Amino acid sequence: MNAHARDTCPTAGSLVLRPWRPGDLGVLLDAYRDPAVQAGSRAPVADEEAAAHWLRAQEEGRATGLRHSFAVVDPEFGAGPVGNVALSFPEPGAPSAEVGYWTIAPAWGRGIAPRALEALSGWASATFADAGLVRLELLHQVDNAASCRVAEKAGYALTGVLPPTPPWPHQGHVHTRRV
């Protein structure tokens with residue numbers, strides 16, 4: 001991946017996906033106070049130290065090319081992030097990558113999550129298809145009906161069910177999208 005692609009900020013209408021910044025720490029802490037964000041997270045953020053670590057991990061992931069996490073900014077809510085979308089590769093040049101997202105509660109029901117996921121998916125396709133990426137996967141617990149709707153709206157088909165695996169207490173859904 002070239003530096004231009006790494007530094008690109010995908011858009012979806014008025015939404016802008018940009019790298020997370022140190023100044024976003026407070027927004028991140030507030031977001032992770034929401035039980036819904038915590039429930040879907042593999043890396044909970046409980047305090048300022050954990051938030052600072054999370055922000056550094058996003059920078060490191062971008063630098064290695066294995067994780068591309070974007071703050072989702074909607075001008076209707078101001079200049080701060082209202083969500084996160086991320087693309088994670090298990091290893092360089094892998095044919096599949098996992099996508100994930102969350103939005104803050106005031107942004108729910110406004111179509112922000114599917115638009116942000118669509119923007120991320122389009123960016124991933126344009127940026128990584130020539131390097132062998134052919135499939136994107138979105139995973140969530142079966143009791144998260146909202147994530148099923150977001151996946152469907154963003155072009156991800158339900159393709160499988162996963163068994164419960166710690167820390168996830170329920171079965172999971174796998175949604176996929178071809179690049």
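How far apart are the mean positions of the positive and negative charges of the protein?

1. Let's take that one straight away. The protein has 15 positive and 18 negative charges, and their mean positions lie 4 Å apart. Keep in mind as you read on that this is a predicted model.

2. Next, the building blocks. You can find 6 helices and 8 strands here. If you walk along the sequence, they come in the order α-β-β-α-α-α-β-β-β-α-β-α-β-β.

3. Now for the overall shape. A compact globule of 179 residues would have a radius of gyration near 16 Å, and the protein comes in at 15 Å, so the two agree. Along the principal axes, the C-alpha atoms fill a box of roughly 40 × 35 × 30 Å.

4. What about inside and outside? Of the 179 residues, 42% are buried. The protein exposes about 9100 Å², with carbon and sulfur atoms supplying 55% of that area.

5. Have a look at the contacts too. Among those with a separation of 6 or more, 59% are between residues 24 or more positions apart.

6. Finally, follow strand β5 (residues 96–103), which has a partner in strand β4 (residues 81–88): these two pair in the antiparallel sense over 6 bridges. Here N84 stands opposite W102 of β5. Strand β5 is also joined to strand β6 (residues 135–141), this time running parallel, by 4 bridges. Try finding E98 on screen: its bridge partner in β6 is E137. As you trace the strands, remember that side chains in a regular strand alternate between the two faces of the sheet.

Key:
Residues numbered from 1 in each chain as written. Predicted model: local features only at pLDDT ≥ 70, side-chain atom pairs only at ≥ 80, totals over all residues. Heavy atoms only, no water. Rg over C-alpha atoms; globule rule 2.2 N^0.38 Å. Buried < 20%, exposed > 50% of the residue type's maximum accessible area, 1.4 Å probe, protein only. Contact = heavy atoms within 4.5 Å. Areas by Shrake-Rupley, 256 points an atom, 1.4 Å probe, with all protein chains shown as cover. Lys, Arg positive; Asp, Glu negative; His and termini not counted. Charge placed at Lys NZ, Arg CZ, Asp CG, Glu CD. Pairing = 2+ DSSP bridges.
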